[in-house]
Amino acid sequence: MKYKKNFDILIVEDNPADVYLIRECMSDKGIIPHLHIVNDGDEALRFLERKAPFADKPMPKLVILDLNLPKISGFQVLEFIKKDNRFKSIPVIILSTSSSSNDIAQSYSLNANCYVVKPKDLEDFSRIVSSIEDFWMETAEVA
Amino acid sequence: MPAKPLKILLIEDNEAEVVQVRESIHNHNPDHIVNVLNDGVGVIQFLEENSRSAKNFFPNLIMLDLNLPKLNGRELISELKNHPDLKTVPVIVLTSSDLKEDIRNSYRHKISSYIVKPAGNEELERAIHTALDFYSITQMPTNNQIQ
């Protein structure tokens, strides 16, 4: 598998254990410098708009977004990204513990590109991260 | 673990590619159901008619080429994404175009993802399998059938 180089991913996740897992499950260590982690919705918007302390950060190629976030919710972040001409072409994958059909429907109606439920089992979690990597970093083209 | 079976609507005018893509999908999981339309014109009507009955074919995923006869893929994406009952069905663009403009415009028109068809048969099959592996783990919208 040949992953794209300099593929910057913004991960919006407030749970340190999940952040740790995502990092650990990424197979190619070359990706790690290109993983950008923010812990709440407000930071996600600041990162995208390159406001302090994110002024020197790159525009991400992909956003992995949790729904339950402090300050500004994942839905609000999603809506912001998909309504703004500067950001709307960035694919957003919702990665949430919620399997509620309302959350899934609302995410799609706000134009999430895909919705993935976080598995509780470690092996399944690893499989999901690999699948995201293989598809988004090797197979799919992004804007 | 076998991937969960998906219902896929493939919109592609090139017969050779239809055969190849359909075969790749079935090699991934023989239980995937594939329906093929060869141009963009009848797609909306097909989906509207099929969604009226739960027994009929309503796709979890749409795979479409950008270069289609009559109604091209770009226009079809706009129509799908502006249709109140069809707009949440994930659309994967599967095309030979690697133009930045096509990629960017397709994402701006709310597609789910964009795949440039690789040249070799094996590479194409692998790309389709990677895509189906990924989409098998995603939750599809469940309320996208016309009531």
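**Aromatic pairs and helix packing**

Over all chains, the count comes to seven aromatic pairs, where rings of Phe, Tyr and Trp (its six-membered ring) pair if their centres lie within 6.5 Å. The model is a predicted one, in which local features need pLDDT of at least 70 and side-chain atom pairs count only at pLDDT 80 or more, while totals for chains, interfaces and linings use all residues. Residues are numbered from 1 along each chain as its sequence is written, chains are lettered from A and ligands numbered from 1 in the order in which they are written, and side-chain values use heavy atoms, with hydrogens and water left out.

One of the pairs joins Phe47(A) and Phe54(A), with 5.5 Å centre to centre and 55° between the planes. That angle counts as tilted (planes under 30 degrees apart are stacked, over 60 edge-to-face, the rest tilted). Phe47(A) is buried at 2% relative accessibility, and Phe54(A) is buried too, at 10% (buried is under 20% relative accessible area, exposed over 50%, partly exposed in between, with a 1.4 Å probe and protein chains only).

Another pair, Phe135(A) with Phe134(B), is stacked, at 5.4 Å centre to centre and 5° between the planes. This one crosses between chains, running from helix 5 (residues 122-139) of chain A to helix 5 (residues 121-137) of chain B; helices here are DSSP runs (H or I, at least four residues), numbered from the N terminus. Both Phe135(A) and Phe134(B) are buried, and they sit in one aromatic cluster with Trp136(A) and Tyr135(B).

The two helices carrying that stacked pair pack at about 135°, with axes 9 Å apart (axes are lines fitted to C-alpha atoms, for helices over the stretch in contact, and angles run from 0 to 180 degrees between N-to-C directions). Helix 5 of chain A is therefore oblique to helix 5 of chain B (under 35 degrees is roughly parallel, over 145 roughly antiparallel, 65 to 115 roughly perpendicular, the rest oblique). Residues in the contact (heavy atoms within 4.5 Å) include Ile128(A), Phe135(A) and Trp136(A) on one side and Arg126(B), Phe134(B) and Tyr135(B) on the other. The contact residues divide into nine nonpolar, three polar and four charged.

Within chain A, helix 2 (residues 41-48) and helix 3 (residues 74-83) pack at about 20°, again with axes 9 Å apart, so the two are roughly parallel. Here Gly41(A), Ala44(A), Leu45(A) and Leu48(A) meet Val77(A), Phe80(A) and Ile81(A).

Technical notes: Nonpolar A, V, L, I, M, F, W, Y, C, P; charged D, E, K, R; others polar.
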